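Trainee: Could we go through this model together, one part at a time?
Mentor: Certainly; please put it up.

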Number of protein chains: 2
Amino acid sequence: VRNIGIVLSGCGVQDGSEIHEAALTLFFLDRAGAKITCFAPNKEQYHVVDHYTGEVRGGENRQVLVESARIARGEISGLSQAKVELLDGLIFPGGFGAVKNLCDFAFKNENCQVNKDVERIIQAMHTAGKPQGFICISPVLAAKVLGSFHPRLTIGNDQSTAQLLEKMGAKHIISKVDEIIYDPDHKIISTAAYMLGPTISKVAVGIEKLVQKIVEVE
Amino acid sequence: VRNIGIVLSGCGVQDGSEIHEAALTLFFLDRAGAKITCFAPNKEQYHVVDHYTGEVRGGENRQVLVESARIARGEISGLSQAKVELLDGLIFPGGFGAVKNLCDFAFKNENCQVNKDVERIIQAMHTAGKPQGFICISPVLAAKVLGSFHPRLTIGNDQSTAQLLEKMGAKHIISKVDEIIYDPDHKIISTAAYMLGPTISKVAVGIEKLVQKIVEVE
């Protein structure tokens, strides 16, 4: 049995984890027989977005761990608890939470800072030679934390985002939504998902391949 | 192309729609080529539950439509807008939101009241002879609204809940998580999902069958 961690960043595409991507990751991992552990940093969300109107709700605060627990049905731990020796792989779903709560790329671009617990676990998994999967916009995290290793990553075909990844040291590869990009030197897998879309069954194809790779890679 | 509606009840198993059930319903419908329209009633949630601790958060209010929009990525309409003539089928995912926000079964049992928009659409779909799918605990809604027609329904094998469905007029059928119960007289399909569990890939089997039936039934 492979023990795979998932790092969530809230609950909802505009201010947290993209729900479809997170749920599909859980689905494909569970179907593949993996033992899943969900994590999220125990911190306040950058902000709260009304997903009906698209507007930021000033004055409302939500916690990343507490909202992520909605996706995990309560079975979730603080990311500071994550131990590399207990994990065979780690996956970061997308959603703006990955670039608003796990780092501040949404506001600072290539000069972003990564949450300390996120930085620590990505570095430690890489050092241990264990596979990591990055979905949608979350390859930003791998580019920032592991940029000095020049990992090969994809966020689809958005040129300006791809250029920012390259500024952080990554090598960006253009991809389609049903593809994964695998960098065997660093055991990093990425897929564009809702960076391309257009619909849940399309993004599912790439996510299923990413999960399969995470479960298979030794 | 089949036009299928989904009625959401918030975002999170304890106070809204069960996220895995809702996301899987979207996934299987999209993969089957259906055109999906999400709806939710525009009302305040009964309450807000901290999904990390399991505790009710007193004093916090959230709107059912706004939180449901997280699952629907913003593409959602108020349930009062739903028109039977534009729908070929309708699905209700589960989660406590179905029995706290769409009706008050969680507190009043067989004496529950159903939200007027929910009652209207279930009655109208039934009158029009169009298929409706009820997942997890949401068969409660069919039992209450259509009890006088004695529909055959399942919520798995929980005896006390099954008895309450029968008090409302339904005929309860014991089922396994990978099964659906289809009542051809009323075109009502139900599957137990997280009423039985235990995990997302297991509940997916029943949900996939329910979606397939909704898309096929004439």
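Trainee: Is helix 2 of chain A, residues 64-71, enclosed or open?
Mentor: Eight of its eight residues are buried, so helix 2 of chain A is largely enclosed by the rest of the structure. Buried means under 20% relative accessible area, exposed over 50%, and partly exposed in between, with a 1.4 Å probe and protein chains only. Helices are DSSP runs of H or I with at least four residues, and strands are runs of E with at least two, numbered from the N terminus.

Trainee: Which charged residues are among the buried ones there?
Mentor: Glu67(A) and Arg70(A) are buried in helix 2 of chain A, along with others including Val64(A) and Ile71(A).

Trainee: What do they pack against?
Mentor: In chain A the partners are helix 1 (19-31), strand 2 (35-40) and strand 3 (76-78), and chain B contributes its helix 1 (19-31). Contact here means heavy atoms within 4.5 Å. Just after the helix, Arg73(A) takes a positive phi of about 50 degrees.

Trainee: How far may I trust such details?
Mentor: This is a predicted model, in which local features need pLDDT of at least 70 and side-chain atom pairs count only at pLDDT 80 or more, while totals for chains, interfaces and linings use all residues. Residues are numbered from 1 along each chain as its sequence is written, chains are lettered from A and ligands numbered from 1 in the order written, and side-chain values use heavy atoms, leaving out hydrogens and water.

Trainee: Changing topic, where does Asp15(A) sit?
Mentor: Asp15(A) lies in the loop between strand 1 (3-7) and helix 1 of chain A. Asp15(A) is buried, with a relative accessible area of 1%.

Trainee: What does Asp15(A) touch?
Mentor: Beyond neighbours within four places in sequence, its contacts include His47(A), His51(A), Phe96(A) and Asn101(A), as well as Arg70(B).

Trainee: And which residues touch the most others in the largest nonpolar core?
Mentor: Phe92(A), Ile121(A), Phe92(B) and Ile121(B) do, in a core of 140 residues. Such a core is a set of buried Ala, Val, Leu, Ile, Met, Phe, Trp, Tyr and Cys residues joined through side-chain atoms within 4.5 Å. Not counting residues up to four places away in sequence, Ile121(A) touches Leu79(A), Leu87(A) and Phe92(A), among others.

Trainee: How much of chain A is buried overall?
Mentor: Buried residues account for 61% of its 218 residues. The C-alpha trace of chain A spans about 45 × 35 × 35 Å along its principal axes.
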